[in-house]
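Colleague: Please give me a close look at the loop residues with unusual backbone angles, and then place them beside the nonpolar interior of the model.

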Amino acid sequence: MTPKKEDYLKIIFELGGKKKKISNKQIALSLNVAAGSVTEMVKKLVASHLVEHEPYAGISLTTEGAKAAEDLVRRHRLWETFLVNKLNYKLQDVHTDAEVLEHITSNNLMNHLEEFLGNPKRCPHGGVIPRQDGQYEEDSHKVLASVLDGQEAVVDRFIDNHDLLEYLADVKLNIGDKIKVTKHTPFEGPIELILLASGEKMSIGYKAAHYIFVR
């Protein structure tokens, strides 16, 4: 499987494609690629029986595709955990090196790495890490953008996207923050919220709010 195919499988998994239909637009925005590129890759993934595509409904992982995605995600997130927790990488800088390492690592090394790290359940940006036996707690797929005015939530995870993570580092929104949404600005404007621990007010861009997952 090519690295590009693997990237698509991982992002479809991250966006919830094991349980629901994902749109081409969501994939394009997450990977920073053109819509036409997504269309072409989806055709290849369908031909490889890794995803199913229902016109006007979206894309979902097949059983085979989900299994491949879980293995890729496990490798990637274990390496991210190692690089951030043991080598002090910044979260927004870890993706590229984790991407290289995941492709050259044996299953035996991955199992030892998991044990060395203390069998972590989640990576530094909040994503679940499937275990050796394939078991894991499902990620939350409720996005910040869907939280209604006046509702409270806890920041659960971020999409593994460099630009998004740079943006979140600047605004200082972190995994585990308890928030209250106060206003959705009209016409796809920013979402205003309050950090409940400090009372600090914050605005999150409309696009970014679709790649921040909450519980």
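**Loop residues and core**

Modeller: Lys 172 sits in the loop between helix H7 (162-171) and strand S5 (178-184), where helices (H or I, at least four residues) and strands (E, at least two) are DSSP runs numbered from the N terminus. This is a predicted model, in which local features need pLDDT of at least 70 and side-chain atom pairs count only at pLDDT 80 or more, whereas totals for chains, interfaces and linings use all residues. Residues are numbered from 1 along each chain as its sequence is written, and side-chain values use heavy atoms, with hydrogens and water left out.

Although Lys 172 is not a glycine, its phi is positive, near 65 degrees, and with 57% relative accessibility Lys 172 counts as exposed (over 50%; buried is under 20%, partly exposed in between, with a 1.4 Å probe and protein chains only). Glu 188, in the loop between S5 and strand S6 (191-195), likewise has a positive phi, near 60 degrees, in a residue other than glycine, and is exposed at a relative accessible area of 55%.

Turning to the interior, the largest nonpolar core has 48 residues, of which Ile 12, Ile 27, Leu 144, Leu 173 and Ile 204 touch the most other members; such a core is a set of buried Ala, Val, Leu, Ile, Met, Phe, Trp, Tyr and Cys residues joined through side-chain atoms within 4.5 Å. Helix H1 (residues 3-14) supplies the largest share of this core, five residues, and apart from this core lies another, of twelve residues, including Trp 79 and Cys 123.
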